[in-house]
There are 2 protein chains.
Amino acid sequence: MLKRFQIFGANTDVGKTIFTTALCKYLTGIGERVSYLKPIQTGDDYDHKHISRNSQAFSENIFHYKLAASPHLSADISRRELISGLSNKLIDHSKHFNWIFVETAGGVLTPGPENYLQADLYRPLRLPSILVADPNLGGISSTISAYESLKTRGYDVVSVLSFNRSKNADFYGNLEFFQNHFGSNKVFSLDLPPEGELTNYYSEVSSQMQPVIDYLEKYTKEKHEYVSNMAAEAEKIIWYPFSQHKEINKGTITTIDSAYGNDFYSLSKDKSEIVPQFDGSASWWTQGLGHGNSSLALAAAEAGGRYGHVILANTIHEPALELAKKVLKYTNNPRLSRVFYSDNGSTGIEVAIKMALKSTCVRYGWDVSDGSIGVLGLKGSYHGDTIGAMDCSEPSVFNKQITWYKNRGFWFDYPTVTMKKGRWVLDFPDGIPKVSKTEFDTIEDVFELDSRDPTPYKKFVKREINRLTSEGYKFGALMLEPVLLGAGGMKSVDPLFQHALVESVREIQFDGSERTVDVNTWSGLPVIYDEVFTGMYRLGKPSSTSFIKSLPDISVHAKVLTGGTLPLCITTASDSIFNSFLSDGKADALLHGHSYTANPIACNVALASLEILKDCRTTFWGEDFVNELSYHPSVDGVFALGTVLAIHLKDSNSGYQSTIGSEFHKTLRSLNIHTRPLGNVVYFMCGHNSSNDDINSIQDRIKTAFNIQ
Amino acid sequence: MLKRFQIFGANTDVGKTIFTTALCKYLTGIGERVSYLKPIQTGDDYDHKHISRNSQAFSENIFHYKLAASPHLSADISRRELISGLSNKLIDHSKHFNWIFVETAGGVLTPGPENYLQADLYRPLRLPSILVADPNLGGISSTISAYESLKTRGYDVVSVLSFNRSKNADFYGNLEFFQNHFGSNKVFSLDLPPEGELTNYYSEVSSQMQPVIDYLEKYTKEKHEYVSNMAAEAEKIIWYPFSQHKEINKGTITTIDSAYGNDFYSLSKDKSEIVPQFDGSASWWTQGLGHGNSSLALAAAEAGGRYGHVILANTIHEPALELAKKVLKYTNNPRLSRVFYSDNGSTGIEVAIKMALKSTCVRYGWDVSDGSIGVLGLKGSYHGDTIGAMDCSEPSVFNKQITWYKNRGFWFDYPTVTMKKGRWVLDFPDGIPKVSKTEFDTIEDVFELDSRDPTPYKKFVKREINRLTSEGYKFGALMLEPVLLGAGGMKSVDPLFQHALVESVREIQFDGSERTVDVNTWSGLPVIYDEVFTGMYRLGKPSSTSFIKSLPDISVHAKVLTGGTLPLCITTASDSIFNSFLSDGKADALLHGHSYTANPIACNVALASLEILKDCRTTFWGEDFVNELSYHPSVDGVFALGTVLAIHLKDSNSGYQSTIGSEFHKTLRSLNIHTRPLGNVVYFMCGHNSSNDDINSIQDRIKTAFNIQ
């Protein structure tokens, strides 16, 4: 593994260049090939010249600006240019040198191009870092703060280097404090240099760098051994989710050393380096604001420092209150007035189903413990892994071996919509009546529900429900994943069908009595939207309700809710649901509540995240690109909305057990795209703060995988 | 609300005292009563004299040390003394002054007494803070870093103050950058002072502090309005867990402004101040290393910055791998070899039950989808709120209104053990045979299982199981909460009974065939320990297995796992369970896995937490104190082990619906103890890093509540 280190300073003028020169001099003195890179130099004082004057290292300044000011004032390049320039130099120099030192400018958070703070600026490369401490009065504070700022940005701070005394006094005890605080094994010191000419100084002191070099050698070796063995260790002790272990071995496990933006930074196949790899599944559909996002890391630390966790029962804290207000505001559904917190989509669905079934029983005077009451839903739905959530879906490969799974309900088949050969086309399974218009120019036209006639769908739905109830079926809720059924195979449902389904259910009285129309209460059945996957801007909007143009009575949000950092779920409900639980008996309450309910850290991250998400772009995949894919001979249809791109491959054996996708997955891996197989569907998701360059780079690789020029 | 502010410096010598003097001068000039407090002064340069020379403020230095060095070298008081001294001064001065400024020493992380860094040192009081910025070259970096260190410790950094230029140059652009970074509304500036005498300077510039004072006034007013309204706002939109909303109103909701150590900092009844309140339930049994723990907050930020979240399916990352290794090592059960991650205790139990039932079906050749297979357990167990976890308990108030709940199993009654009048006594319900020894001097004697005879228990258990299986019951697992059944009412089971139950089950073949004895595989039924509440040092040991002296085949850990910060659950299992899922079919795999499975942030916090927990004390409640309680006429029995103290009150109507505790809860509230009712049981839990002083303070208040002198 390469010996590349980045030098940060706890403050400006603490001796970054002097330490680096001493390191270079010692190394070149023992015959090592050393390169020094200064990515940005401002003013006339060239650090790289100081290096080459005082050591045999090859030294180079990549970008230079005359104005001797903080780089954010003098440098006019973009971060992308800087990182790309540095990255190319690193690749090039790695061929010729076995040690590379990269020196940053000023302190750890000194601003640079585009006002990025140093530690944020260089974060994509995440080089192992060395912090040069401040030996002066007050330097304990600035050094520990600087260290924390580096850690918050996910750096490995390998070592802390400090002069053994300050310019102004012999002793402030800084060095001893650093050894105690950071661990004496990783703190090293050097004699304070004299004023003026340093040639003799370097000759005298460079040998003091031997223990540092030994330590950096050891770190590099151990780090390489560690990451090389991680997959083998994991194979022995991790029980992987949704995985047949007979198919898993250390060769199939990806070792993720860190992550940033849309990418994992993973160990390469030959174990020689860490390479970026597009996280195509957005880490199971969670990532929204980029991996390793320092704003969200800080939001977590802030609430961690202020609260840790506090119980929600009968209390209130600011992050829980503010997030509840924000989610109710953003989802903008006048029906929803109450927020119930839980830990993940599956628990949030269990909450939703408890809410809905009890509300139905109260309304219709049914026995609340009547286990025969089921849900109405759509085929291929998936609502979570806990047994109650599983019971909301029809029998499938996911639940057939779950001993306590019970098929509780009825699931409609439905028309789907995908782009085929440049046109948005509806596909109708057997038994589903066609509507008048079945092809569209744009996806916007598909969602123009006001100009489309739902009558055939509504007639069909009502007839089916009447048949079922006459056969003795009893229903307590309608549960939908709006627009896109995720785990079921990225099935894009005709939104008009979902609209018709909701409206039809609302026009039926499920106890056979007369309908009482009241806009403030649910009618027919409580309607639950499972927006765990599709909500919170995943499809470009805070709630996917707006696509269906029918308001749910209960809605469940998770995944992107925290920007893709921490588990958290919100189940929102209307007053008419909530009121069903009011009584003089505690046993009538909604007796649900996990210990970490409304965890302040997760709520605070969600708040910070939604604040950023609301201003993010909402379209990502290029129209031409989607169009082109839809003509590909292997492609049956494509769906692209918001951050999601789903490509349905042609395969006679479609569904979860299909293996047609596996060849594509292999090709994608070789192009550094990490995907999660889903039968005959290959899908991709990006973060909401992705740039055009990010998207283009992904699209280009997908086109390569499909042999599209 | 009181106008009290703490002044932190981004570095030493950035002008904390000058800004504070200017604030004091302006305020006293307009007739305000102002107090200035310097908690610790080192050396001969008295900041408080500078204040009184240049303003009409009352100024005082609380502790003084002659040595002009960092306070950690010169001050020899403890943090407790310092905080108590400062706290008393604040109470006293609040009577006479309407503004109080407290000036810290050096930079935000300059060490003080007991090597506590400034921001950690003063964290218990969490005064609203003002950060004085560094206007010099490099000051952008040190100021933002300092700000982040304050936020990580949970401070409200109300305002950032900066000189408008540096000593060495007219312009580094720092002030503009601060305005942009922190928000221009909260950043204020002041002219740079001249060298030497400052009397004229203060006269000229103090009016520049008017906008700062206006802002601090506004902040105080808005903060007071906000916290005063939080309960009313929450009442309207939060749907509370496990709560009958008819009993909830804004007067019953506790507003928690922050939390630290064992305490909430809550709005007082009269809404005039924020007061510490012992979090008696350890926030639903989660808190382990103190609320607002900055080490854990930093561990969260570190993983947030390095990864955010990454998918676990077929990948590995360092926090997940290291935590899995650590938990397997600490729980020290040779049977357990595999770690499955999920998000909370309830999901972890669902995982456990899926594991166990399938393993049983494979072993005995039963149909894996046979929903009649149930669990063996104990009456009053509670394993979580999701429906699968609910099905593992007998019918009760918790589940009787859950439409899909199904009673799946059989639950044994059992003998309990509590201290009564100074003796540890076993209580036997009807039908449970007595063992020979039923009274003990110490709790250690109760757990001396080797010297106790389990024969009567084993005979009883075997007879019962034979009766049940002959009646057609089919069992797939034995599930236990070892030692203490939490939600069921803090029932402390005779550990010998649990031991006998496990060993008896292991001696029975549940399909009627011959027993194959193999130490490496489970026999009879897979044994699941639900250690969500009792594990991870809650009772003083990493696993409560050691109390029962029988090894489980599956064990579930959550709650304290992360030290009480974030939701995370680990289900560990043996190879013989794991191997039941190996096959050539994906559908045979354990198809479970939440999106945030093995979340790196939660795993990293758990790692940091366990590293600290392993060295913490293991006994907390005083023997004499527990003894005294056990003689109280209202007390039926007491149980104390590890951090847990459970007091069972005498009541004819015991259980969840009992209200006998409610009077005690009211008394406890008035003594600033926040408890969570649990029928006739009043219980308390503290963090593992509690000091003797902490414990004594809690014990004294409990004694007061019970009228014990």
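Domain bounds here come from an automatic or database domain assignment.

**View 1. How chain A of this predicted model splits into domains.** Going by that assignment, chain A has domain 1 at 3–223, domain 2 built from 254–283 + 617–706, and domain 3 at 333–599. Domain 2 is thus written as two stretches of sequence. Taken over C-alpha atoms, the centres of domain 1 and domain 3 of chain A are 56 Å apart.

**View 2. The two chains, A and B, and how they are related.** Two copies of a chain are related by a rotation about an axis and a shift along it. Here, chain B lands on chain A after a rotation of 180° with 0.0 Å of shift along the axis, at an RMSD of 0.0 Å. The two copies are therefore related as by a two-fold rotation axis. And which surface do the copies meet through? They use the same one, because 100% of the interface residues of chain B are also interface residues in chain A.

**View 3. A mixed sheet with strands from both chains.** Five strands make up this open sheet, in the order E26(A)-E10(A)-E9(A)-E8(A)-E11(B), with mixed pairing. The edges are taken by E26 (673–674) of chain A and E11 (315–316) of chain B; each has a single partner strand, so one side of each is left without a neighbour in the sheet. Look across the chain boundary and you'll find E8(A) and E11(B) pairing in the parallel sense over two bridges, with A:Thr255 partnered by B:Ile316. Helix H9 (residues 210–237) of chain A lies across E8 (254–260) and E9 of chain A and also E11 of chain B, running at about 120° to E8(A).

**View 4. Strand E8 of chain A and its hairpin.** Strands of a sheet pair through backbone hydrogen bonds, either parallel or antiparallel. E8(A) and E9(A) run antiparallel, joined by four bridges; one bridge pair is A:Ile256 with A:Ser266. Two residues sit between the strands of this hairpin, and A:Gly261 in the turn has a positive phi of about 60°. On to the next strand: E9 (residues 263–267) and E10 (residues 274–279) of chain A are also antiparallel, with five bridges between them. A:Ser266 turns up again here, standing opposite A:Val275 in E10(A). How many residues of E8(A) are buried? Seven of the seven, so E8(A) is largely enclosed by the rest of the structure.

**View 5. A parallel seven-stranded sheet in chain B.** The strand order in this open sheet is E3-E2-E4-E1-E5-E6-E7, and the pairing is parallel. E3 (58–65) and E7 (187–190) of chain B stand at the edges with a single partner strand each, so one side of each has no neighbour in the sheet. On average, neighbouring strands are turned by 20° against each other, direction ignored. Within the sheet, E2 (residues 34–42) and E4 (residues 99–103) of chain B run parallel and share four bridges, with B:Val34 partnered by B:Trp99. Helix H2 (residues 47–54) of chain B packs on the sheet, touching E2, E3 and E4 of chain B, and its direction makes about 165° with that of E3(B).

**View 6. Strand E14 of chain B and where its residues point.** In a regular strand the side chains alternate between the two faces of the sheet. Along E14 (residues 409–412) of chain B, B:Gly409 and B:Trp411 point one way while B:Phe410 and B:Phe412 point the other, and all are buried. E14(B) runs parallel to E13 (residues 373–378) of chain B, and four bridges join the two. B:Leu378 is found opposite B:Phe412.

**View 7. The surroundings of B:Val560.** B:Val560 sits in the loop between E22 (554–557) and E23 (569–574) of chain B. Is B:Val560 buried or exposed? It counts as buried, because its relative accessibility is 1%. Leaving aside neighbours within four places in sequence, its contacts include B:Trp285, B:Met536, B:Arg538, B:His688 and B:Leu613. B:Leu613 is 53 residues away from B:Val560 in sequence, but the C-alpha to C-alpha distance is 9.5 Å.

**View 8. Two cysteines of chain B without a bond.** Searching the whole structure turns up zero disulfides over all chains. For B:Cys603, the nearest cysteine sulfur belongs to B:Cys569, 11 Å away. B:Cys603 counts as buried, at 0% relative accessibility. Why is there no bond for B:Cys616? Its sulfur is 10 Å from the closest cysteine sulfur, in B:Cys686, which is too far. At 17% relative accessibility, B:Cys616 also counts as buried, because the cut-off is under 20%.

Terms used
Residues numbered from 1 in each chain as written. Chains lettered and ligands numbered in written order. Predicted model: local features only at pLDDT ≥ 70, side-chain atom pairs only at ≥ 80, totals over all residues. Heavy atoms only, no water. Least-squares fit on C-alpha atoms with pLDDT ≥ 70 in both. Contact = heavy atoms within 4.5 Å. Pairing = 2+ DSSP bridges. Axes fitted to C-alpha atoms, helices over the stretch in contact; angles between N-to-C directions. Buried < 20%, exposed > 50% of the residue type's maximum accessible area, 1.4 Å probe, protein only. Disulfide = S-S within 2.5 Å.
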